[in-house]
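Here's a quick tour of one part of a protein model. Have a look at the sequence and structure, then read on.

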Amino acid sequence: MKKFALVTASLIALAALSACSTSSPDVIQRRDTQSMSQVLDANVLSVRSVTVEGSQSGGGAVAGGVVGGIAGSAVGGRKEGQIIGVLGAVAGAMLGNAIERSGTQEQAVEILLQLRNGERRAVVQAKGADGFKPGDAVILITTGGKTRVTRAPELAAGAPAKQN
């Protein structure tokens, strides 16, 4: 019964690891609130889909190794259980690492931008609520060394346009 509880707890921990982080432009980190940000105007030149590689913190391998070792050691007699336990730990670690990597992988976009001064920039960010297409007016918001792209606000009727 104790082995079952430990296996269950390890599986829950492994599942939790796969949902720990996001780089969505719609989610702001707590440490970035109440901070002054630099804002630049730009236009979208192109957008392409990319995949952000998943993380490998080692937590998935550890959890998988524990689960595999416990499950394997429960098979057969004492000597067979030890051998199968070691093999189960190795296989579990490999599987846990793969699960963590695929669970933290993100679909993102690479946005090629042209600033008002003619310079070009590229930003990779997770797909958010905004869908961008070439020609869209956007703003780049840089806070704490990280930049995100969002749609430029519409100017109110009668508001003076920015002069370059």
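Ile111 touches Val44, Ser46, Val47, Arg121, Ala122, Val123, Gln125, Phe132 and Val149, leaving aside neighbours within four places in sequence; contact here means heavy atoms within 4.5 Å. This is a predicted model, where local features need pLDDT of at least 70 and side-chain atom pairs count only at pLDDT 80 or more, while totals for chains, interfaces and linings use all residues. Residues are numbered from 1 along each chain as its sequence is written, and side-chain values use heavy atoms, with hydrogens and water left out.

Ile111 also belongs to the largest nonpolar core, a set of 11 residues that includes Val44, Val123, Phe132, Leu140 and Val149. Such a core is made of buried Ala, Val, Leu, Ile, Met, Phe, Trp, Tyr and Cys residues joined through side-chain atoms within 4.5 Å. E1 (38-52), E2 (106-115) and E4 each chip in at least two residues of this core, and E2 gives the most, with four. Strands are DSSP runs of E, at least two residues long, numbered from the N terminus.

Over in the hairpin, E4 (137-143) and E5 (146-151) pair antiparallel over six bridges; pairing takes at least two DSSP bridges. Leu140 stands opposite Val149 in E5.

Then there's Asp136, in the loop between E3 (120-126) and E4. Asp136 counts as buried because its relative accessibility is 10%, and the cut-off for buried is under 20% relative accessible area (1.4 Å probe, protein chains only). Its side chain reaches these two partners:

| Partner of Asp136 side chain | Distance |
|---|---|
| Lys133 backbone nitrogen | 2.9 Å |
| Arg151 side chain (polar contact) | 3.2 Å |

A polar contact is a pair of N or O atoms within 3.5 Å; within protein, one must be able to donate a hydrogen and the other to accept it, and residues adjacent in sequence count only if both atoms are side-chain atoms.

Notes: Buried means under 20% relative accessible area, exposed over 50%, partly exposed in between (1.4 Å probe, protein chains only).
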